Amino acid sequence: MFGSRSGTTVGTAARSDHTDCSGCSLCLLVCPNWRTTHDPRMTPEGRAKALQHGASLEEVAASVQACTLCGACEPVCPEEIDLIGMTLDLRARLADGQVVKVMQEEMKRKAAHSPVPVRAGRLFVPGPAMRIKDDVLKRISLLLGADVCGDDGADIARALKAGVPIPGERLETFLAGLRNAKTLIVEDGFWMRHLRVWLPKARLLSLGEALSSLDKVRRGLRKTDLYVIEPRSYHGDYERLVKHYDRLQLERGCSFNLDLQRIAIPPAGQAEWILKGRKVERIVVERQEDAESFALHGGCPVVHVAELADH
Amino acid sequence: MDALSPALEAPAVEHGTLGTCPVAPDALQGIKRQQTNPARWKGEHWAAFAAELSSLETGLSESIAARGAYATDAGGTAYGLPHGVVIAKSAEQIANLLKAAQRFRVPVTVRGGGLTTEGESVAFGGVLLDMTGMSRVISIDPASLTVRTQAGIFWHSLAEELRRENLDYLSAPLNLTSSVGGTLGVGGIDVNSPRLGCSADQAIALQVVTPTGEIVECSDMQNAELFERVILGYGQFGVITEATLKVRPYTPLRMHYYYYSSLRTAIEDLQLIDRNDASDYSGILTILDCAVNLLVAFDSTEREAAFRAQWEAKLRGHGETGFALRMLARYALRPWKIGEAWFLLQRKRELFPELRRTEYMRDGLMLDRTVVFSRAVWKFWGGRQMVIPDLATSAAKFADTVERGNAVCRRYFQHYTLYCVGIRLRRDHREHYEMSCIPPDAEDWAYGCEFEPMTNGRTYSRDHLQSFKNAIYDIGVDIGASYYRFGGMMKGYIRRVFGDALVDRHLALKRKADPAMILNRDVIF
């Protein structure tokens, strides 16, 4: 399976790897890097085809590092290639020795701290931008009846995204803090693919799904809202979540950052395109970082989905 | 002055005076055997040419990482690598590229979505020009219902932009990665083509870079001869860089399916619907010889109601339940055909839900036909080899032709699908149709049928696939049909189908317009 060589990444149910890419270009259509560069080399297909024809790792390095890991390419791939796994594996093989050393030392230092014990039940893993928003964190905790994870594993997430192997002791302290939880709610969908493997018995939910399943949150959603789905969680569980958001749209009439294939458009660098031609009075984001992407384009207020419960 | 006017004054080419003919049955340069990859261009003067492009900042990339992406096309049976790749950025950049290519005699192969199946968008050396770099919508005019767009854009990306204005294109191939420029160069068939014609007929005006590097605006009114040759011209007479297209208000589709156990009956009903303008969309997809699906769809409740009142009772097909009962009876009487029944059941279980996915439907209406059908096509028919020979005929010849083609499919593959659709022709565009997929004897409608083997993951030898294609194309020669895919590896059929006089005239035009014969070499000429 893809990723097993490096020991740093875990694949989902990958049925094939880059050697199986038949060049249909469907990933290119939904790739945010292609949308901004119109350069096929910057897409999963471009990388796969280059490697199939003997390109060296260095020759695809710029493309590999530019990937945003949004996962939009995976649901549209007819070969069901684990494209995120492919990218992470390539990053692992490209990782600079010095960077690996520095990041691993940082992780080992963190491993020295005892894990924060948690009660059995629901646990929320916020991202870095969310962690500094005390009021939103408290609100989410209250709404979901979930404890906020003391160790958010930000160093591990950075390392995974960079293709740096995680020291066993650090992974162990991180997972020890999560193991009692029956339900894990994550803000960054990137965690999903890894937690599914590390903690197969835990129920995993994206923050967006968890909150938008609450009546009091759904009631706060208006027809004139643009609801911005966090792409990584959504694409990682596409077949199920496309139906969840479809129901939400039918019920509330709001619009989404979805294209005609129902693939989520990541806001980073594409906020202008998401807003183009839409009459939006308010933007609702699932991920705190996405609020910043829209703040630059002004014109209407941006709120976190947790704040809908107040309206 | 029309860009091609001088060419039209050139004397007609007398057959047999041209020496080695690039359209002869054994025309693929350096290779006597028919229908295979052409010889690779040997790279004369490449270094000097590359240096020239570098000085012009044309953006030539020679790394394998860049070139590898273009090694084959959707067909997956033709393989070739360019010496270098240029990603299109502007008409001026392309003009510089083509001027240099003429001077150094370097072939330039133009590629949009790469959805050719006979290697037409594969570069056997030289430069691969990737037009998808020019994918910007320039302007949308809701008042005049037109859009001006760069021609490398995928129709689907264009649809994404148009939908924000509640507009839609008229017709386009049911494939998410077909490009506008590539489609205008070959035709473009949709399930609304029986009513609205092919995609190429939607083009109002084009910006074209000629093979010698002039940037020319053309339309039916301006540089009309160039417009005639570029539309449906298989990329021989210029690179389409921008297009002005008709658009229309967006409407979701009301889709109906009727099932037949006879292919001929389904074709007769399809033509009945088309002749009487009874629906907005129509087409045939076969599942088995005894299970043929006629799809009919509408843009409005009024059109749907009129169809139900006037035409539905005249169709001889059945609804899903009625047809299922007939099939049940059929296989109860033929238990030895249990394998066939199982295949049909599997198809019903897997394919039908794909065509009705709730996220692509709203209140029973299909939101985007290309999304639904393209996803299904890639899922159920896609693969590393896609061989899709086709035949295009007049309405009168169509049923016989399809039945003969179907018999060929039966000989070569266990499972296959036929996709049949009509194409409304424009009388004022007859010149556009010359030496194209539109057969010369077609009046008002042409009909096309694609014969699509379902390989089910099996890899066939090239000889098997080639023999299948030849058997289909031989039917075309026999009955006087045309083809959508007559270029690339199938160009040995060009003279046989179109005749020497027409081909020689086009060849003379090509030689005049493209003296070094560098643009899309071996696609046609």
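Which residues point one way from strand 13 of chain B, and which the other way? In this predicted model, B:Ala291, B:Asn293, B:Leu295 and B:Ala297 point one way. B:Val292, B:Leu294, B:Val296 and B:Phe298 point the other way. All of these residues are buried. Strand 13 of chain B spans residues 291–298, and 8 of its 8 residues are buried, so the strand is largely enclosed by the rest of the structure.

Strand 13 of chain B has two antiparallel partners described here. Strand 11 of chain B, residues 254–260, pairs with strand 13 in the antiparallel sense over 7 bridges. Within strand 13, B:Leu294 stands opposite B:Tyr258. Strand 12 of chain B, residues 281–288, also pairs with strand 13 in the antiparallel sense, over 7 bridges. Here B:Asn293 of strand 13 stands opposite B:Leu285. A hairpin of 2 residues joins strand 12 of chain B to strand 13 of chain B.

The domain assignment of chain B gives three domains. Domain 1 covers 7–131 + 499–513, domain 2 covers 137–249, and domain 3 covers 254–495. Between the first two, 17 residues of domain 1 of chain B are in contact with 23 residues of domain 2 of chain B. On the domain 1 side, helix 4 (91–104) and helix 17 (500–513) of chain B are the elements that give two or more residues. Helix 4 of chain B provides the largest share of that side, 7 residues. By class, the domain 1 side holds 11 nonpolar, 4 polar and 2 charged residues.

Chain A is also divided into domains: domain 1 (18–94), domain 2 (98–210) and domain 3 (214–310). The centres of domain 2 and domain 3 of chain A, taken over C-alpha atoms, are separated by 24 Å. Contact between these two domains of chain A involves 18 residues of domain 2 and 18 residues of domain 3. On the side of domain 2, helix 8 (128–131), helix 9, helix 12 (190–198) and helix 13 (207–212) of chain A each supply at least two residues. The largest share of this side, 4 residues, comes from helix 9 of chain A. The classes on the domain 2 side are 8 nonpolar, 4 polar and 6 charged residues.

Helix 9 of chain A also meets a sheet. This helix, residues 134–144, lies across strand 1, strand 2 and strand 3 of chain A. It runs at about 155° to strand 1 of chain A. The sheet of chain A is open, with 4 strands in the order 2-1-3-4 and parallel pairing. Strand 2 (147–148) and strand 4 (203–206) of chain A are the edge strands, each pairing on one side only. Strand 1 (residues 121–125) and strand 3 (residues 181–186) of chain A run parallel and are joined by 5 bridges. A:Leu123 has A:Leu184 of strand 3 as its bridge partner.

Helix 6 of chain A comprises residues 83–94, 12 residues in total. From its first C-alpha to its last, the helix reaches 16 Å, close to the 16 Å expected at 1.5 Å a residue. Helix 6 of chain A is mostly covered, with 10 of its 12 residues buried. The buried residues are A:Leu83, A:Ile84, A:Gly85, A:Met86, A:Thr87, A:Leu88, A:Asp89, A:Leu90, A:Arg91 and A:Ala92. Against these buried residues pack several helices of chain A, among them helix 1 (26–30), helix 3 (44–52), helix 4 (57–66) and helix 5 (73–76). Helix 10 (154–162) and helix 12 of chain A are also among the packing partners.

A:Gln52 lies in helix 3 of chain A. This residue is partly exposed, with 17 other C-beta atoms within 10 Å. Not counting residues up to four places away in sequence, A:Gln52 touches A:His18, A:Thr19, A:Cys21 and B:Gly68. A:Gln52 is 190 residues from A:Val242 in sequence and 32 Å from it in space, C-alpha to C-alpha.

The contact between the chains involves 35 residues of chain B and 31 residues of chain A. On the chain B side, helix 3 (64–67), helix 5 (155–163) and helix 13 (369–380) of chain B each supply at least two residues. Helix 5 of chain B gives the largest share of that side, 5 residues. By class, the side of chain B that touches chain A has 11 nonpolar, 15 polar and 9 charged residues.

Conventions: Residues numbered from 1 in each chain as written. Chains lettered and ligands numbered in written order. Predicted model: local features only at pLDDT ≥ 70, side-chain atom pairs only at ≥ 80, totals over all residues. Contact = placed C-beta atoms within 7 Å. Nonpolar A, V, L, I, M, F, W, Y, C, P; charged D, E, K, R; others polar. Pairing = 2+ DSSP bridges. Axes fitted to C-alpha atoms, helices over the stretch in contact; angles between N-to-C directions. Domains from an automatic or database assignment. Buried ≥ 20, exposed ≤ 12 C-beta atoms within 10 Å, placed from the backbone. Expected span 1.5 Å × (residues − 1).
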